[in-house]
Amino acid sequence: MAEPRFTYLDHAATTPMRPEAVEAMLPFLSERFANPSGSHRASRDARRALDEARDVVADCIGAKAGEIVFTGCGTEADNSAIYGTLRRSGGFAVCPANEHHAVLHVVEHTGGRVVGVDAVGRVDLDSLAQALEAPGADTDGDSGGGGQVSVVSVMAVNNEIGTIQPMAEVSALVRRLAPNAVLHTDAVQAACWLDLATITPLVDLMALSAHKFGGPKGVGVLWMRPGVYIEPLLQGGGQERDRRSGTHNVAGIVATATALALTHAERASAITRIAALRDRFVDGLQAQLRGVRETVDREHKIAGSAHLCFEGCENEELLFMLDEQGICASAASACASGAMEPSHVLAAMGVPRAWARGAVRFSLGTTTTDADIDHALTAIPSMVDRLRAGRQGAMAS
Ligand code: PLP
């Protein structure tokens, strides 16, 4: 049997590397291998490449080179921002309930406050205001959470449902109610869709991850506003001006800069093209199938996001069938003791359990083509029909 057409609709999980980024990194995996922290000519060459990459990244996000800290991944950038602030300043952290676990788990682990979100996944500004205004010192002394709020973390774009957070409103609220707190944003899912230079003026810390915008896995960026200080997570050689020790991944960082520059330059045209593909995909499915619900309306989310709930389907079964047809997508449900639990993101939004069971995240990106959408539109309706028929048959017997 012929292999099914490979159709990658999982760009929120990771993106294919841009060929230009692969090309850019290769010399640093071979002849230009030196450690940029040394003093000889080979090291100076690597150092120059590192400095150039830092300039490019800074330019793309409207910052200065000295404000960029390269990390080992987006998770590390998020952890550094929150743990790093708490260790330096004490107090506690606040975040919305639908953050990525790289933020949510840190906030929970340190006894911070988790606030609600609305039906489209945007942070509930009233709940946020309450958490900022009435911190209520924790007196048991063992779980953190005492004193003042020192860091607020709100993601720019949600990784599961694609919701864009109202960062300007969040920023204004935090500045007004908690002027001493730093505002961190996990912008890992934003780089392809939002001009990051419009976000940096609103926040103090921002995390990025190269593999979400056509760069390599294993490179993160933490942007730090001048005057904001964190306690570093890693102690060692004092690289990155003592903010992140560890020998630089020069090849990865050079490729990151190349990928980010291309993403930045092509963002507007990519969004127009990808939004049209996404709309054709979702409209096409809804025209062929009843009971397909878009979790978040298009006005509130990024162009590449098509998070859909298929009524009467189990997402695990649907993902299996999609995979058999060469279509890569994902769901964020965790199977706990045999019972499918809706993801924390859908649960926080109050998506009914019956819908959440059939939730699938399709995410489009720069490599998505019309042929991908044609294949998905041809393959998916019959899968959904078969799953629903099987379920009705099982219920009847
Ligand atoms: N934050 C968000 C919103 C993400 O989507 C991801 C990755 O899925 C991360 C953080 C973690 O990034 P990394 O995979 O580079 O650790």
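Which strands does H7 lie across? In this predicted model, helix H7 lies across E9, E10 and E14. Its direction is at about 15° to that of E10. Let's begin with those strands and then come back to the helix.

E9, E10 and E14 form an open sheet, arranged in the order E9-E10-E14. The pairing in this sheet is antiparallel. Strand E9 (292-294) and strand E14 (359-363) stand at the edges, and each has a single partner strand, so one side of each is left without a neighbour in the sheet. As you go from one strand to the next, the twist averages 30°. Look now at the pair E10 and E14: strand E10 covers residues 305-310, and five bridges join it to E14. If you would like a spot to find on screen, try Ser305, which stands opposite Ser363 in E14.

Back to H7, which spans residues 250-288. Another helix, H1 (residues 19-29), packs with H7 at an angle of about 160°, and the two axes are 8 Å apart. That angle makes H1 roughly antiparallel to H7, because angles over 145 degrees count that way. The crossing of these two helices is right-handed. Which residues meet there? From H1 come Glu20, Ala21, Ala24, Met25, Phe28 and Leu29. From H7 come Val250, Ala251, Gly252, Val254, Ala255, Thr258, Ala259 and Leu262. Sorted by character, the residues of this contact are eleven nonpolar, two polar and one charged.

Now turn to another strand, E6 (residues 182-186). Is E6 mostly covered or mostly uncovered? Mostly covered: five of its five residues are buried. Here a general idea helps. In a regular strand, side chains alternate between the two faces of the sheet. In E6, Val182, His184 and Asp186 lie on one side, with Leu183 and Thr185 on the other, and all of them are buried, so both faces are covered. E6 also has a partner: three bridges join it to strand E5 (residues 149-153), and these two strands run parallel. Within this pair, Val151 stands opposite Val182 in E6.

Our last stop is helix H11 (residues 370-396), where you will find Asp385. Asp385 has a relative accessibility of 44%, so it counts as partly exposed, a class that runs between the cut-offs of 20% and 50%. Follow the chain from Asp385 to Gly312 and you will find them 73 residues apart in sequence. In space, these two residues are 9.7 Å apart, C-alpha to C-alpha.

Methods: Residues numbered from 1 in each chain as written. Predicted model: local features only at pLDDT ≥ 70, side-chain atom pairs only at ≥ 80, totals over all residues. Heavy atoms only, no water. Axes fitted to C-alpha atoms, helices over the stretch in contact; angles between N-to-C directions. Helix = DSSP H or I, 4+ residues; strand = E, 2+ residues; numbered from the N terminus. Parallel < 35°, antiparallel > 145°, perpendicular 65-115°, else oblique. Left-handed = near helix turned anticlockwise from the far one by under 90°. Contact = heavy atoms within 4.5 Å. Nonpolar A, V, L, I, M, F, W, Y, C, P; charged D, E, K, R; others polar. Pairing = 2+ DSSP bridges. Buried < 20%, exposed > 50% of the residue type's maximum accessible area, 1.4 Å probe, protein only.
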